[in-house]
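Me: I'm new to this one and would like a close look at just one part of it. Could you pick a stretch and walk me through it, piece by piece?

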Amino acid sequence: MTREELSVTLRTIAGHQTAETPDDLAHWVMSLTGGLPITRTVLARCTKPAHGDEPATWFYVEADATEGVARLRCLACADMRPILDSAERWNYPQAWSCNNCGQSIAEVVFGVAEEGGLARWMVVAARCVGCGQVAGLTDMVVPDVAADVFAASL
Ligand SMILES: [Zn+2]
Ligand SMILES: [Zn+2]
């Protein structure tokens with residue numbers, strides 16, 4: 001599958017479904033079709049010491065699907081986290097806000113597509129914590145890394 005095809009998939013599906021929980025969002029991500037199957041999902045978590053034993057999962061998100069960049073900012077501690085090499089290609093995209101209810105706090109799930117045991121692509125998806133609307137944010141090229149190593153690094 002080409003990157004363009006995956007992006008089309010994201011745009012086509014986004015905006016038509018809601019998810020009650022992060023698990024629902026992960027299921028939605030796993031159900032994305034159009035090429036390489038997404039074989040694992042990882043819920044974005046901020047593990048800064050400020051959160052103790054309970055990683056934070058609510059983020060402000062900036063992402064650009066054309067450039068394939070994304071950045072998360074932890075709602076609770078404000079830690080800024082560029083995804084993969086986004087910082088090097090950063091193009092100052094608009095902050096995400098829900099196109100249904102307008103608020104801008106999201107839970108984020110990474111969906112990893114693998115081939116032959118190597119991670120190839122990654123999808124970044126959001127669930128609005130206000131109304132549950134799901135959205136595909138962007139997809140990104142992944143360096144050739146073993147899929148389980150890559151997923152553990154997210
Ligand atoms: Zn945090
Ligand atoms: Zn919403």
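Reply: Sure, let's settle on strand 3, which covers residues 69–74 and is mostly covered, with five of its six residues buried. One thing to keep in mind as we go: this is a predicted model.

Start with the partner on one side. Strand 2, residues 59–64, runs antiparallel to strand 3, and six bridges join the two. You can trace the pairing residue by residue: Phe59 has Cys74 as its bridge partner in strand 3, and Val61 is matched with Leu72. To get from strand 2 to strand 3, the chain goes through a hairpin with four residues between the strands. Look there for Gly68, whose phi is positive, near 75°.

Now for the other partner. Strand 3 also pairs with strand 4, residues 80–82, again in the antiparallel sense, this time over three bridges. Here Arg73 has Met80 as its bridge partner in strand 4. The hairpin linking strand 3 and strand 4 has five residues between the strands, and in it Ala78 takes a positive phi near 70°.

Let's stop at Arg81, which sits in strand 4. Is Arg81 buried or exposed? Something in between: Arg81 is partly exposed, because it has 15 other C-beta atoms within 10 Å, and a residue needs 20 or more to be buried, while 12 or fewer would make it exposed. Leaving aside residues up to four places away in sequence, Arg81 touches Arg71 and Leu72. Leu72 is the residue we met earlier as the bridge partner of Val61. As for Arg81 and Val61 themselves, they are 20 residues apart in sequence, and their C-alpha atoms are 9.7 Å apart in space.

Before we leave, follow the chain out of strand 4 into the loop that leads to strand 5 (106–115), where you'll find Leu84. Leu84 has a positive phi, near 50°, in a residue other than glycine. Tyr92 is found in the loop between strand 4 and strand 5 too, and Tyr92 also has a positive phi, about 55°, although it is not a glycine. What about their surroundings? Leu84 counts as buried because it has 20 C-beta neighbours inside 10 Å. Tyr92, on the other hand, has 8 C-beta neighbours inside 10 Å, so Tyr92 counts as exposed.

So, to retrace the route: strand 3 pairs antiparallel with strand 2 and antiparallel with strand 4, and five of the six residues in strand 3 are buried.

Note on methods. Residues numbered from 1 in each chain as written. Chains lettered and ligands numbered in written order. Predicted model: local features only at pLDDT ≥ 70, side-chain atom pairs only at ≥ 80, totals over all residues. Pairing = 2+ DSSP bridges. Contact = placed C-beta atoms within 7 Å.
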